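Open the structure in your viewer and keep the selection tool ready. We will go stop by stop, picking something and looking at what is there.

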Amino acid sequence: MIKFFNTLSGKIEPFKPIVSGEVKLYTCGPTVYDYPHIGNFRAYIFEDLLKRFLVFMGYKVTQVMNITDVDDKTIRGANADEVELNEFTKKFIGVFFENIEALNISKADHYPRATEHIPEMAEMIKGLLEKGYAYKKDGSIYFSIEKFLGYGQLSNINLEELRPGQRIESDEYEKESAHDFALWKSKKENEPFWETEFGPGRPGWHIECSVMSSKYLGQTFDIHCGGVDNIFPHHENEIAQSEAYSGKKFVNYWLHCHHLVVGGEKMAKSKGNFYTMKDIIDRNYDPLALRLLLLSTHYRKMLNFTFEALGQSDASLQRIKDFLYELRNHPFEEGESKDVSQLIDEQMNNFKKGLSNDLNISVALTAIFDMIRKVNILISQGKVYSKDAEKLISSIRSFDRVLAVLPEEEEEPLPPEIMKKIEEREKARRENNYTLADEIRNQLLQQGIVLEDTKDGVRWKRK
Ligand SMILES: [Zn+2]
């Protein structure tokens with residue numbers, strides 16, 4: 001059974017998706033106003049681990065990650081650079097996708113952009129006005145937090161501290177200042193705006209996620225993720241907007257990832273204590289070592305970033321690669337051993353059990369490194385055989401379907417007897433002996449080699 005800590009209940013709960021075997025997952029994406037720092041990627045890597053683990057356990061996962069390409073920060077950035085908003089955000093959207101590729105973060109099914117969903121946002125805001133949860137003031141529209149009785153359920157905000165009727169326009173604010181928040185901000189000088197039936201302006205940040213999640217995942221879905229700093233006000237406000245609008249429960253499980261800190265302080269743009277992917281690559285670190293570092297501390301614990309720790313992750317990663325190299329190149333004797341099969345089963349079990357328990361990554365990583373340590377001893381004692389080596393390689397590859405810290409499997413060269421057959425077929429084709437050529441092609445197919453004739457000659461791949 002898979003269990004997760006649900007921020008909404010404050011407890012570890014068994015995970016039960018709405019539709020058996022399927023998971024609908026929403027992850028708050030980047031605000032594209034600057035180069036992301038590695039603290040941002042801690043949350044995306046946690047979400048990727050979660051997704052990959054669910055897929056590994058047989059779930060069909062649909063993931064949506066929004067791109068916030070209009071908000072206070074992006075507008076400020078575009079104005080400072082004196083360019084159009086979309087020109088400004090385009091650059092950082094590109095950087096974001098380059099970075100997630102380097103970190104082996106699997107692609108979401110949808111990356112909706114806020115600016116492409118303004119009519120849907122206007123629709124939800126209109127509904128909230130009609131239902132009496134929202135009101136107009138000076139051309140802007142605010143959500144009235146006192147109207148929504150469930151306000152504060154996620155962040156456990158002290159309801160006595162609520163200041164209903166007082167308004168806040170800014171997208172981000174502290175827990176101590178819970179106010180009616182802006183759904184729609186009236187048109188201002190030097191700001192992009194959209195025309196709607198309730199007047200020109202632009203959306204607030206929170207409404208973006210309410211609209212884009214329900215559009216792609218439905219009004220009620222399984223898991224919503226983000227960093228702990230999203231809990232208030234962002235996620236609290238998402239719940240208020242969505243539930244007030246639909247009258248249904250918005251999300252069943254809320255999972256939040258803790259901060260990446262540097263010297264005890266949260267890594268943040270505003271503090272200037274951050275590193276970008278470029279900083280990591282410029283110092284010659286493998287982005288996948290960073291991935292391993294960022295996922296190797298449990299997601300609900302704070303993680304202190306140091307280059308020393310990054311170096312240790314790099315060494316751990318190298319240990320896995322060395323192990324694979326040994327398995328591929330050691331002259332093993334023919335045969336197999338029950339001990340090795342048993343060890344693999346045992347550690348695969350520990351790996352799954354660990355991750356099933358609220359993504360307990362320490363248990364999962366221990367399973368892998370224990371297996372490597374024990375097998376290395378067995379190899380030195382001559383107790384590992386050729387079949388075992390194959391099974392071990394495929395078990396490491398299985399673990400890596402979840403961790404995704406190894407580079408793509410390199411194509412191994414074909415054995416010489418196969419290469420010879422391909423040449424023979426080429427010769428037959430040149431001599432117009434198509435019967436022989438087809439015969440050889442079929443033989444190779446049975447051995448798992450698919451041939452493709454292109455204008456540049458024949459190409460092969462493994463089936
Ligand atoms: Zn969001």
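A residue is exposed if 12 or fewer other C-beta atoms lie within 10 Å of its own, and buried if 20 or more do. Keep these two cut-offs at hand for the tour. Keep in mind, too, that this is a predicted model.

**Stop 1: two unusual loop residues**

Select N190. Is N190 buried or exposed? It has 8 other C-beta atoms within 10 Å, so N190 is exposed. You will find N190 in the loop between β8 (180-186) and β9 (201-203). Check its backbone angles: phi is positive, about 65 degrees, although N190 is not a glycine.

Now select E82. This residue sits in the loop between α2 and α3, just after α2. E82 is not a glycine, yet its phi is positive, about 55 degrees. E82 has 7 C-beta neighbours inside 10 Å, so it counts as exposed.

**Stop 2: helix α2**

Step back from E82 into helix α2, residues 72-81. Colour T74, I75 and A78: these residues are buried. Look down the axis of α2. The buried residues fall within an arc of 100 degrees, so they line one face of the helix. What covers them? Part of the cover is α3 (85-102).

**Stop 3: strand β10 and its partners**

Select strand β10, residues 221-227. How many of its 7 residues are buried? The count is 7 of the 7, so β10 is largely enclosed by the rest of the structure.

Next, add strand β3, residues 22-27. β3 and β10 pair in the parallel sense, over 3 bridges. For one bridge, pick T27 and find its partner C225 in β10.

Then add strand β11, residues 251-257. β11 runs parallel to β10, and 6 bridges join them. Pick I223 here; its bridge partner in β11 is Y253.

Now show helix α6, residues 231-246. Together, β10, α6 and β11 make a right-handed β-α-β unit. Zoom in on P233, which is in helix α6. A cis peptide bond joins F232 and P233, with omega at about -5 degrees.

**Stop 4: an open sheet**

Select β12, β13 and β14. These 3 strands form an open sheet, in the order β13-β12-β14, with mixed pairing. Which strands are at the edges? They are β13 (265-266) and β14 (303-304), and each pairs on one side only. Strand β12 (residues 260-262) and β13 run antiparallel, joined by 2 bridges. Pick V261 to see one bridge: its partner in β13 is K266.

**Stop 5: domains and core**

Zoom out and colour by domain. The assignment gives domain 1 (3-257), domain 2 (278-403) and domain 3 (416-462). Taken over C-alpha atoms, the centres of domain 2 and domain 3 are 38 Å apart.

Now turn to the largest nonpolar core, which has 106 residues. Select I45, I125, L128, F143 and L183, which touch the most other members. Helix α1 (residues 38-56) gives the largest share of this core, 10 residues. Where does the core lie relative to domain 1 and domain 2? Both domains give residues to it, so it lies between them.

Finish on I45. Set aside its neighbours within four places in sequence. I45 is then in contact with L103, I105, R291, L294 and L295. Show these side chains together, and take a last look around.

Note on methods. Residues numbered from 1 in each chain as written. Predicted model: local features only at pLDDT ≥ 70, side-chain atom pairs only at ≥ 80, totals over all residues. Core = buried A, V, L, I, M, F, W, Y, C linked by C-beta atoms within 7 Å. Helix = DSSP H or I, 4+ residues; strand = E, 2+ residues; numbered from the N terminus. Domains from an automatic or database assignment. Contact = placed C-beta atoms within 7 Å. Pairing = 2+ DSSP bridges. Right-handed = clockwise from strand over helix to strand, strands pointing away. Arc of directions from axis to C-beta.
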